[in-house]
Amino acid sequence: MINEFTIIVPARLASTRLPNKVLADINGEAMIVCVLRRAAGAGAARVLAATDSEVVAEVCRAAGFEARIIGECNSGSDRVAAAADDCGLDDDAIVVNLQGDEPFIEAHLAHDVADLLANRRDCCCATIARPLRPGEHEDNNVVKVVADGNNNALYFSRAAMATAQAHLGVYAYRMSFLRRFVALPPSPQEKAEKLEQLRILWHGEKIALLSAESKSFGIDTPDDLSRARMIKNN
């Protein structure tokens, strides 16, 4: 079992489809706070938000959570890497990137993916997949992943793929690789699919894949937010 890991939740204020979504109210609590509360149950040594907004940071701090202001970044991974560097984490530290727009992510998954990476020294990072739900196989908004016989990711795509699972955007990284990853140039597949995890495979690294059940979903549209509020009420 893993002894220690850090969870960092990237929380960019701007959002194209749902402006200021990390501050969206889910029955009395900002979405980012909902995510941080979930993260707090994972057994991490440290949980913090990495944001470009003082407003977001203050909301997090008012709820009792640590937040760091990070400047302009190209991606959530860049934001996580910058915050991890600010925390002074060493090369062997394991960092979990937990998305700021998944308020229903199961806390144990953050622990489980960190534990998987700790036990897979042949892999630079680990991530999670769940079974596809009805209607998702052909849905280009749902990222899919296929695995090899050793439970390593073979490929990620928005297109339908045989034997695919749905990808949950939760990652565990070794700090040494996270620093290297954000410095690598984007790959052709990454540009085509708009999926930065393909950069890892392009450069010959292995991603360990944890298959798990999960009810989590990302909040990207007003309809998603309405659905989230209904679930919260129940």
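**Rings, charges and a lone Asp**

Modeller: Let's start with two rings: Phe-177 and Phe-181 are both buried. Keep in mind that this is a predicted model.

Biologist: What does "buried" mean for Phe-177 and Phe-181?

Modeller: The label needs a relative accessible area under 20%, and both Phe-177 and Phe-181 carry it.

Biologist: Okay, on to ring pairs. How many aromatic pairs does a search of the whole structure find?

Modeller: Four. One of them is Tyr-171 with Tyr-173, and that pair is stacked.

Biologist: What makes Tyr-171 and Tyr-173 a stacked pair?

Modeller: Two numbers do it. The ring centres are 5.7 Å apart, and a pair needs them within 6.5 Å, so the two rings pair. Their planes sit at 20°, and under 30 degrees counts as stacked, so that's the name they get. Tyr-171 and Tyr-173 are also both buried.

Biologist: And why is the pair of Phe-177 and Phe-181 called stacked?

Modeller: Their centres are 5.8 Å apart and their planes at 15°, so this pair passes both cut-offs too. Phe-177 and Phe-181 both belong to helix α5 (residues 175-183), and being four residues apart there, they're separated by about one helical turn.

Biologist: Which residues do ring pairs link into a cluster?

Modeller: Tyr-171, Tyr-173, Phe-177 and Phe-181.

Biologist: Let's talk charges. How do you know that Glu-66 and Arg-46 form a salt bridge?

Modeller: Their side chains meet with N to O at 2.8 Å. The limit is 4 Å, so the pair qualifies. Glu-66 lies in strand β3 (residues 66-69) and Arg-46 in strand β2 (residues 46-51), so the bridge ties together parts that are 20 residues apart in sequence.

Biologist: Why does Glu-66 count as partly exposed?

Modeller: Its relative accessibility is 25%, which falls between the 20% and 50% cut-offs. Arg-46, at 27%, gets that label by the same reasoning.

Biologist: How about Asp-122: which residue is it bridged to at 2.9 Å?

Modeller: Arg-120. Here Asp-122 is partly exposed at 41%, while Arg-120 has a relative accessible area of 16% and so counts as buried, being under 20%.

Biologist: What makes Asp-122 and Lys-206 a salt bridge?

Modeller: The N to O value is 4.0 Å, and the rule asks for within 4 Å, so it counts. Asp-122 lies in the loop between α4 (107-118) and β5 (125-130) and Lys-206 in the loop between α7 (197-202) and β9 (207-211), so the pair ties together parts that are 84 residues apart in sequence. Lys-206 is partly exposed, with 39% relative accessibility.

Biologist: How many salt bridges does a search of the whole structure find?

Modeller: It turns up 14.

Biologist: Now Asp-78, in helix α3 (residues 76-86). Why does Asp-78 have no salt bridge?

Modeller: The nearest side chain of opposite charge is Arg-199, 5.6 Å away, and that is not within 4 Å, so no bridge is counted. Asp-78 is nonetheless buried. Leaving aside neighbours within four places in sequence, Asp-78 is in contact with Cys-73 and Val-182.

Biologist: One more: where does Arg-227 lie relative to Phe-217?

Modeller: Over the face of the ring, at 3.7 Å from the ring centre. The distance limit is 6 Å, so Arg-227 meets that part of the test.

Technical notes
Residues numbered from 1 in each chain as written. Predicted model: local features only at pLDDT ≥ 70, side-chain atom pairs only at ≥ 80, totals over all residues. Heavy atoms only, no water. Helix = DSSP H or I, 4+ residues; strand = E, 2+ residues; numbered from the N terminus. Buried < 20%, exposed > 50% of the residue type's maximum accessible area, 1.4 Å probe, protein only. Lys, Arg positive; Asp, Glu negative; His and termini not counted. Contact = heavy atoms within 4.5 Å. Phe/Tyr/Trp six-rings, centres within 6.5 Å; stacked < 30°, edge-to-face > 60°. Lys NZ or Arg CZ within 6 Å of the ring centre and 35° of its normal.
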